[in-house]
Amino acid sequence: MKRLLMKHYFLGLTLILGLFSCKTEKKDSVEDSTVANRDLVVDLGKTGIKIQPTMYGIFFEDINFAADGGLYAELTKNRSFEFTLPKTGWVEPNSDRHSYNAESGILNIVKYAGETNNHNYARVTVNNDEGYVLINEGFRGMGVKEGAQYDFSIDVARHSGDIQKINLQVVDSLDQVLGETSISPDSDSWKTYESSFTVSTSEMKAKVKITFEGTGEIDLDMISLFPQDTWKGRKKGLRKDLVQLLDDLDPGFLRFPGGCIVEGRTLARRYQWKKTVGDVEDREILVNRWNTEFGHRPTPDYYQSFGLGFFEYFQLSEDMGAEPLPILGCGIACQFNTGELVPLDELDPYVQDALDLIEFANGDTNTAWGKVRADMGHPEPFNMKYIGIGNEQWGPAYIERYAIFEKALKEQYPEIIIVSGSGPFPDGDYFEYGWEQLKEMNAEIVDEHYYRPPQWFRDNATRYDSYDRNGPKVFAGEYAAQSVAIASPDNENNWDCALSEAAFMTGLERNAEVVHLTSYAPLMAHADAWQWTPDMIWFNNLESYGTANYQVQKVYATNAGTDLLEISEDGKSLTGQDGLYASAVKDANTGELILKIANTESHPQALKLTTHNGNLGETGTMLTLQSNNLQAVNSFESPDLISPKESTFEASAEVIEVTVEPYSMNVLKIKIQ
Ligand code: AHR
């Protein structure tokens, strides 16, 4: 079965989709009859366990066009002609080399001399200045907005002849011009030209059209187009609406850059952070591992430009007040693919990468890597506290390598907290073995992943109740309820999944003593270019929305509290008895009691909440996420279909009486007197 499951993840899906079919077992209709008299008790006096500020965070991976074509706001695809087929994304409508029709002109790829990270540039021969056209199709088109300003930049070297102007137009599908500008190349050496312009009309699938005035040969590279209105107005920065959705989560940490992308399908294609910092044009492009991973969603034009690289991840973490949590490869390529291993006596460069990363993030500006950070505009340290070693590795090969990393890291940086992994599954041999070994090694935090049916989440609200309070802490690093099967293309971000996660999360919170970090995965998906579903945030070239799952994460993260309290019924935690799940925290900063209550039943439930050891204010607020339809989803058309509705409730000194709706997730907040 395990072998089948592995195959399911990354090779053919068909057989396994059947085996793992996990369609909801819950009813879709609601009942009117309220189940009354649920007597719950909240003890305001019993504190001592802290909710870690890292409790609710973000998992970011460049999957589903989350970076290039997504968060990274560059609109030009393959701007530097570095893809395996270097003309990918570029079209020459008037020049067909197959029919020997290059009368108007032609583009050829030329290699730079010597050792470079940017290997190619384009040499354009213009024979007829009215006829030659070069088009970039963008990432499934380019999203441009009415009245918004755009920055065009291009590296140019004149080669021969007399080309006086390069014109850039943003056009729609009917070739109507939505905005335009031009630059006048004046040098035979490489020089960067920049120009800005305004777009007149919004368009989701615009293209860039480049034409030339004059004839001759001209060399082009780094042909780039960015909106000016980026996150924090940073030039060539990140897409504002997407970062806003992340920032609204008030995340405790940002895990990056993944996920399996860390490991690579082969070692040669692993993620190497050093190649993602420094000047953008010198960051060596790499094929994205999700490119052709899934036969059912091939995306051959998916590459990593690393315009969103490690510096930008650290900066983004800082912007959001989130702890940066980089995950590095440990000398094992993805075990679902090749499982290629670096011999133990050749692991040094990999370990050095980890040590150097700490220096890059935290080192003084007179250290080699601290200087790289400073030169990129951030002399202050990023104060990184966590580092992850390995993603979904398993077996002795991982433990042996992890031990080598741990020794070297702790010798030099004892204060850095190391995150280790327990493999891809939440149970079974790999998981048991990993945990056993890591426990023996006194590992600090162990990452667990679970992509399971909604029912599993409802059944597992007690998962951490039995975890050793003195053992390693838990990072629930990747989880999401799968409505059909793991990574099935038919999975939906429906309310059944989100509500089941909400119920499960009460269990994460109740166990804050052992669970220190949690994150839903994957984070983002382009509606026209995804590989994996479900995902927390969906976007197209102009719009974005948070799914029901996003809304659940948001109500938890923005109401995390600081201290765990006990909530019970008949002396027992609420872990699904008659569909009721609950957790309670205090927020020492606001002086509030915060209750999270999920009702997964099809009928309302009337609750009488009595507090012990403390009194309450007179009025509280209640946020409710609810739908009578478990199949309901948010969408571009109805982005807020499932989103929190706020109401108020009255309380006497020690008693709150509220009714929670069927299929609802509720957050109640009230001052403690
Ligand atoms: O979240 C998608 C993938 O799922 C991650 O890359 C990997 O860690 C897991 O298998």
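## Exercises on a small sheet and a covered helix

In this structure, strand E21 and strand E22 (residues 537-539) pair in the parallel sense over three bridges; the coordinates come from a predicted model.

**Exercise 1.** Starting from that pair, work out which strands form the open sheet, in what order they lie, and which of them are the edge strands.

*Solution.* Begin with the pairing of E21 and E22, within which His-526 stands opposite Phe-539 in E22. Next, add the remaining strand, which gives an open sheet of three strands in the order E21-E22-E23, with mixed pairing. The edge strands are then E21 (524-526) and E23 (544-546), each of which pairs on one side only. From one strand to the next, the twist averages 20 degrees. Finally, look for what packs on this sheet: helix H3 (residues 240-247) touches E21, E22 and E23, and the direction of H3 makes about 10 degrees with that of E23.

**Exercise 2.** Determine how many of the residues of helix H4 (residues 310-320) are buried, and what covers them.

*Solution.* Taking buried to mean under 20% relative accessible area, count along the helix, and ten of the eleven residues of H4 turn out to be buried. Among them are Phe-310, Phe-311, Tyr-313 and Phe-314, as well as Glu-312, Gln-315 and Asp-319. Then turn to the surroundings, where the cover of these buried residues includes the helices H3, H5 (348-362) and H6 (368-375), together with the strands E2 (58-59), E12 (253-256) and E15 (323-328). As a last step, follow the chain beyond H4 to Gly-321, whose phi is positive, near 70 degrees.

Definitions and conventions:
Residues are numbered from 1 along each chain as its sequence is written. This is a predicted model: local features need pLDDT of at least 70, side-chain atom pairs count only at pLDDT 80 or more; totals for chains, interfaces and linings use all residues. Side-chain values use heavy atoms; hydrogens and water are left out. Two strands pair if DSSP finds at least two bridges between them. Helices (H or I, at least four residues) and strands (E, at least two) are DSSP runs, numbered from the N terminus. Axes are lines fitted to C-alpha atoms, for helices over the stretch in contact, and angles run from 0 to 180 degrees between N-to-C directions. Contact means heavy atoms within 4.5 Å. Buried means under 20% relative accessible area, exposed over 50%, partly exposed in between (1.4 Å probe, protein chains only).
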